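Work through the exercises below with the sequence and the model side by side. Each task is followed by a solution that goes step by step.

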Amino acid sequence: MTQQSNKVVQKYKEQYRPQFHFTPEEKWMNDPNGMVFFNGEYHLFYQHHPFGTTWGPMHWGHAVSKDLIHWEHLPIALFPDEHGTIFSGSAIVDWNNTSGFFDDQPGLVAIYTSADNYPDSDRPRQRQSLAYSKDNGRTWVKYEGNPVLSDVNITDYRDPKVFWHHDTNKWVMVLATEQSVTIYTSPNLVDWEYASEFGNKAGSHDGVWECPDLFQLPIDNDESNQKWAMLVSIGDNPEFKEGSRTQYFIGQFDGTTFVNDNNDDTIFWLDYGRDNYAGVTWSDSPDERRIYIGWMSNWRYANQVPTNEWRSAMTLPRELTMTSTEEGVRLVQKPVSEMNKIRKETNIHKEIIIDSNNSVCFDLNNKLMEIEIEFEQINSSKFDLLIQHSETEKTIISYDVRNSSVLVDRTNSGENSFSTSFPAVQEAPLKMKNNKVKLQLFIDTSSIELFANDGEIAITSLIFPSEIGKGLTLVSNGGSTNVSTLKVTELESIWK
């Protein structure tokens with residue numbers, strides 16, 4: 001935001017306010033919605049309660065960006081109406097006017113869940129509706145025939161993600177339906193036909209299924225060898241410690257049916273941290289990149305995090321790719337290359353030998369940082385990066401050699417009294433490559449995002465320290481570790 005009022009600039013200096021992650025100007029935000037690229041702009045809509053800092057009657061907030069990093073806030077796009085509040089959904093470019101909403105120019109169509117109750121009942125009702133825009137998303141007209149899709153037998157019936165399937169020449173909708181994803185097809189976005197259902201017995205069912213996405217990617221950049229990925233978020237269940245999180249499936253899709261390549265009991269987590277939920281990808285991204293963003297929170301404590309003027313942030317935008325491994329095909333995620341726009345001075349250290357008797361410390365004079373480190377196990381059993389936020393607050397990033405896992409310990413990272421579920425050690429499996437591990441960390445005022453071995457593993461974690469960027473300590477346990485490269489890069493705020 002290069003042209004902001006003094007009032008807005010002041011807002012973006014509050015305690016814990018992220019400086020290079022998207023946040024609402026004020027009040028409550030959750031799931032990203034309606035992400036679409038059109039006429040040079042990335043649109044980001046989001047679940048928004050404009051009258052409070054906790055979840056409430058949902059609207060679609062709206063922002064646009066030309067580079068995925070710097071955002072311009074726009075007025076609320078969709079307001080509650082006679083069909084209910086505006087739950088999650090998607091947006092597409094109707095290039096060929098299949099809907100009949102447009103004339104000689106393509107336009108944007110939003111597909112969202114209208115949420116209310118059945119008449120004379122407390123039973124929730126969720127139905128799918130449409131709105132369209134002829135002016136680059138600045139104003140929206142709701143379709144007079146709303147809702148366009150409903151099912152009286154399913155209560156949790158929401159979060160439509162729609163895309164054009166070229167081989168069958170139809171629109172495809174993937175919809176969260178309690179403990180499965182139901183697939184519908186349409187020639188015109190208005191008339192929908194049931195196609196198939198996936199997932200009743202596949203993956204994790206620790207909570208209600210939400211926010212599905214379905215897309216195709218080449219494996220190892222080979223356009224002749226492609227698979228489909230389905231994302232499914234899982235709502236909070238108090239019986240499980242992690243809270244809400246997101247899984248994915250790899251398989252095949254023919255325009256009607258998704259077939260899982262793996263056994264039903266196989267679970268792939270998109271992110272092993274506590275704070276990446278309800279994420280989906282942009283439609284019509286340029287360069288055919290598959291760009292993802294998630295809500296950086298967890299339903300276990302989202303309404304209680306210690307911010308006042310606003311609540312919640314989005315993750316960094318990430319490019320998703322597909323790679324083959326010894327265990328099979330997996331998704332890989334890396335921060336988008338546009339992050340270069342906010343990188344500043346880099347300090348580089350090479351060939352540091354750390355033994356169990358001598359830790360190595362570095363001053364960190366920057367509040368906003370990217371840390372890249374590559375290390376090689378010599379004879380150690382565990383290697384720690386201690387990020388010192390203040391005299392008493394620290395986050396510990398560890399690699400456990402014996403268990404082949406990477407951990408993010410936020411139990412002493414700062415304020416955590418708002419929820420007994422917040423203090424946590426977050427762990428992900430990670431094998432060494434040629435006896436080496438590579439970590440990339442992005443540290444903002446109230447979050448750490450970790451990408452391991454070039455995006456093979458991600459751990460996204462909120463933190464609420466009183467200060468940030470005080471120091472970095474490298475510790476080798478049970479033997480020596482060779483740090484071949486350590487890079488510390490200062491990042492600049494996007495809210496100038």
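**Exercise 1. Locate proline 147 and describe the peptide bond that leads into it.**

Solution. Proline 147 lies in the loop between β8 (141–142) and β9, where strands (E, at least two residues) and helices (H or I, at least four) are DSSP runs numbered from the N terminus. The peptide bond from asparagine 146 to proline 147 is cis, with omega near -10°. Most peptide bonds are trans, and most residues other than glycine have a negative phi.

The model is a predicted one, in which local features need pLDDT of at least 70 and side-chain atom pairs count only at pLDDT 80 or more, while totals for chains, interfaces and linings use all residues. Residues are numbered from 1 along each chain as its sequence is written, and side-chain values use heavy atoms, with hydrogens and water left out.

**Exercise 2. Find the loops that hold aspartate 220 and aspartate 284, and state the phi and the exposure class of each residue.**

Solution. Begin with aspartate 220, which is found in the loop between β13 and β14 and has a positive phi near 55°. Its relative accessibility is 39%, so aspartate 220 counts as partly exposed, a class that lies between buried (under 20% relative accessible area) and exposed (over 50%), with a 1.4 Å probe and protein chains only. Then turn to aspartate 284, in the loop between β18 and β19 (290–295), where phi is near 60°, again a positive value in a residue other than glycine. Aspartate 284 is partly exposed, with a relative accessible area of 36%.

**Exercise 3. Describe the pairing of β3 with β4 and the turn between these strands.**

Solution. Strand β3 (residues 59–65) and strand β4 (residues 72–78) run antiparallel and are joined by four bridges; two strands pair if DSSP finds at least two bridges between them. Within this pairing, histidine 62 stands opposite leucine 74 in β4. Six residues lie between the strands of the hairpin, and leucine 68 takes a positive phi near 70° there.

**Exercise 4. Is phenylalanine 163 buried or exposed, and which residues does it touch?**

Solution. Phenylalanine 163 is placed in strand β9, and its relative accessible area of 13% means that it counts as buried. Leaving out residues up to four places away in sequence, phenylalanine 163 touches Lys170, Trp171, Val172, Leu214, Trp228 and Phe253, a contact being heavy atoms within 4.5 Å. The C-alpha atoms of phenylalanine 163 and methionine 173, which are ten residues apart along the chain, are separated by 6.8 Å.

For threonine 85, in strand β5, the relative accessibility is 18%, so this residue counts as buried. With the same exclusion of residues up to four places away in sequence, threonine 85 touches Pro57, Met58, Pro80, Thr113, Ser114 and Ala115.

**Exercise 5. What is the volume of the largest pocket, and which strand gives the largest share of its lining?**

Solution. The largest pocket holds about 1,200 Å³ of space. Of the 38 residues that line the largest pocket, Trp164, His166, Gln216, Glu288 and Arg290 are the closest to its centre. On a 1 Å grid over the protein atoms alone, a pocket is an open set of points with protein on both sides within 12 Å along at least five of seven lines, a cavity is a set where a 1.4 Å probe fits but cannot get out, and lining residues have an atom within 4 Å of a point. Grid points are joined across faces, edges and corners, and a volume is the space filled by probe spheres set on the points.

The largest share of this lining, six residues, comes from β13. By class, the lining of the largest pocket has 17 nonpolar, ten polar and eleven charged residues, where Ala, Val, Leu, Ile, Met, Phe, Trp, Tyr, Cys and Pro count as nonpolar, Asp, Glu, Lys and Arg as charged, and the others, Gly among them, as polar.

**Exercise 6. How many cavities of 30 Å³ or more does the structure hold, and what lines the largest cavity?**

Solution. The structure holds four such cavities, and the largest cavity has a volume of about 100 Å³. Among the residues that line the largest cavity are Tyr16, Met296, Trp310, Ser446 and Phe464. Its lining divides into eight nonpolar, four polar and no charged residues.
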